[in-house]
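Biologist: I have this one open on my screen and would like to go through it with you. Can we take it piece by piece?

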Amino acid sequence: MSRYWSPVVASLKPYVPGEQPRAPGLVKLNTNENPFPPSPRAIEAIRQAADAALRLYPDPSAEPLRAALAEELGVQPAQVFVGNGSDEVLAITFQALLRHDAPLLFPDVTYSFYPSFCALYGVPFEEVPVDAGWHLRVDDYHPSRRSGGAVIFANPNAPTGLLLPLGEVERLLGQDADRVVVVDEAYIDFGGESAVSLVDRYPNLLVVQTLSKSRSLAGLRVGFAVGDVGLIEALERVKNSFNSYPLDRLSIAGAVAAVEDRAYFERTRAAVIEGRVALTDALEGLGFEVVPSAANFVFARHPDHDSGEVAAALRRRNVLVRHFRAPRVERFLRITVGTEAQHLALLEALREVLAP
Ligand code: PMP
């Protein structure tokens with residue numbers, strides 16, 4: 001607290017990211033990073049870009065990346081917006097598209113950054129409860145039941161990993177053509193059908209994705225949005241009133257190469273999906289209940305153990321998982337899918353922790 005703060009600062013509720021430990025040798029399954037390295041082509045492109053041209057500003061709209069993403073996704077470059085991680089793309093979206101008199105609607109169990117953005121940008125919001133099985137019920141968002149200025153949700157959801165089928169996403173979009181619907185697809189490549197296929201038919205749809213998860217590039221900070229040119233123009237207007245160059249030259253070069261290396265992407269995402277199946281089976285073998293996940297993490301609880309205590313005991317054994325002290329989810333652990341070796345270490349530690 002300081003008397004020099006702008007008035008809004010005291011009322012902010014900053015998001016708390018998972019721990020990024022400095023200590024080597026930890027089994028890090030707490031922030032949903034990809035256990036595999038980025039495409040070697042991406043690393044090489046970043047090396048190549050580290051030259052005298054860094055003297056110059058990058059392309060303000062990262063046009064080469066917009067073009068590569070548009071080609072990959074089958075849309076026009078003018079339908080793509082890129083930013084410094086999808087968190088930045090979301091922040092710009094909150095300001096550009098989600099602030100209205102009527103509240104923004106989102107599920108009560110979802111990405112916990114959304115309320116932080118609302119506090120920062122003065123967006124009124126209303127949380128809509130997911131059902132007992134953690135599912136979003138599309139009917140609860142119908143204008144006849146709730147008047148909302150816009151809707152945002154993560155699909156697959158976080159921290160549950162549950163997927164809302166594309167047909168249900170489309171039903172939500174059709175409920176009210178005057179209302180923007182943002183689908184945060186940070187984890188879609190691990191098991192869902194993207195709503196990008198709907199953007200040409202629904203001018204109220206914005207799909208947000210990231211290279212942090214399925215492209216193993218959390219450290220590069222690249223995210224993007226796809227939607228109608230009218231929505232993208234709103235994001236560009238806010239971006240150009242805030243930071244002309246959110247992506248640097250290295251990020252643009254690395255991201256283009258990663259997007260173009262489709263074979264590597266397919267191989268590593270298949271390995272993560274296989275790992276998720278193996279991790280789910282192993283956890284169920286230890287007595288955990290595991291929510292069916294379409295993401296690169298699982299949401300699990302042991303009926304006989306307190307999740308906060310299990311997380312702390314794992315931490316003492318150098319294994320990091322995520323535990324949220326928040327209503328509804330505090331009985332669960334969120335565990336990122338890792339390599340086979342990381343799973344073995346996790347399971348060995350869990351056997352010790354759960355032993356009577
Ligand atoms: N959306 C969801 C649902 C997430 O879990 C995350 C990762 N914390 C993000 C967006 C942001 O990811 P990034 O900024 O790395 O693109």
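Biologist: Is Glu-236 buried or exposed?
Modeller: Buried, because its relative accessibility is 13% and the cut-off for buried is under 20%. Keep in mind that this is a predicted model.

Biologist: Where is Glu-236 found?
Modeller: Glu-236 is in helix H7, which covers residues 229-239.

Biologist: And how are Glu-236 and Val-82 placed, along the chain and in space?
Modeller: They are 154 residues apart along the chain, and 9.3 Å separates their C-alpha atoms.

Biologist: On to the ligand. Which residues are around the ligand?
Modeller: Going along the chain, Gly-85, Ser-86, Asp-87, Tyr-111, Ala-154, Asp-184, Ala-186, Tyr-187, Thr-210, Ser-212, Lys-213 and Arg-221.

Biologist: Which helix gives the largest share of that shell?
Modeller: Helix H4, residues 85-97, with three residues.

Biologist: How does the shell around the ligand split by class?
Modeller: Evenly: four residues are nonpolar, four are polar and four are charged.

Biologist: Which ligand atom is 2.7 Å from the side chain of Asp-184?
Modeller: A nitrogen atom of the ligand; the distance runs to an N or O atom of the Asp-184 side chain. A ligand nitrogen also lies 3.1 Å from a polar side-chain atom of Tyr-111.

Biologist: And what about Arg-221, which ligand atom is 2.7 Å from an N or O atom in its side chain?
Modeller: For Arg-221 the ligand atom is an oxygen.

Biologist: How much of the ligand does the protein bury?
Modeller: The protein buries 91% of the 410 Å² that the ligand exposes when taken alone.

Biologist: Different topic, Thr-110. Where is the place of Thr-110, and is Thr-110 buried or exposed?
Modeller: Thr-110 sits in the loop between strand E3 (104-107) and helix H5 (114-121). At 10% relative accessibility, Thr-110 counts as buried.

Biologist: What does the side chain of Thr-110 make a polar contact with?
Modeller: With the side chain of Asn-157, at 3.0 Å.

Biologist: Now the prolines. What is the peptide bond from Asn-155 to Pro-156, cis or trans?
Modeller: That bond is cis, with omega near -5 degrees. Pro-156 lies in the loop between strand E5 (150-154) and helix H6 (166-174).

Biologist: And which kind of peptide bond joins Ala-158 and Pro-159, cis or trans?
Modeller: Also cis, with omega about 5 degrees. Pro-159 is likewise in the loop between E5 and H6.

Biologist: Why point those out?
Modeller: Because most peptide bonds are trans.

Biologist: Backbone angles next. What is phi of Asn-318?
Modeller: Near 65 degrees, a positive value in a residue other than glycine. Asn-318 lies in the loop between helix H10 (307-316) and strand E11 (319-320), and is partly exposed, with a relative accessible area of 39%.

Biologist: What about phi of Arg-328?
Modeller: Phi of Arg-328 is near 75 degrees, so that is a positive value outside glycine too. Arg-328 belongs to the loop between E11 and strand E12 (333-336), and at 35% relative accessibility Arg-328 counts as partly exposed.

Biologist: Last one, the surface. Which residues form a nonpolar patch there?
Modeller: Met-1, Trp-5, Val-8 and Val-9, with about 420 Å² of accessible area together. Of these, Trp-5 is in the segment before helix H1 (7-10) and counts as partly exposed, at 40% relative accessibility.

Notes
Residues numbered from 1 in each chain as written. Predicted model: local features only at pLDDT ≥ 70, side-chain atom pairs only at ≥ 80, totals over all residues. Heavy atoms only, no water. Near = heavy atom within 4 Å. Polar contact = N/O pair within 3.5 Å; in protein donor to acceptor, adjacent residues only side chain to side chain. Areas by Shrake-Rupley, 256 points an atom, 1.4 Å probe, with all protein chains shown as cover. Helix = DSSP H or I, 4+ residues; strand = E, 2+ residues; numbered from the N terminus. Nonpolar A, V, L, I, M, F, W, Y, C, P; charged D, E, K, R; others polar. Patch = residues over 30% accessible without salt bridge, like charges linked within 9 Å, V, L, I, M, F, W, Y side chains within 5 Å. Salt bridge = Lys/Arg side-chain N within 4 Å of Asp/Glu carboxyl O. Buried < 20%, exposed > 50% of the residue type's maximum accessible area, 1.4 Å probe, protein only.
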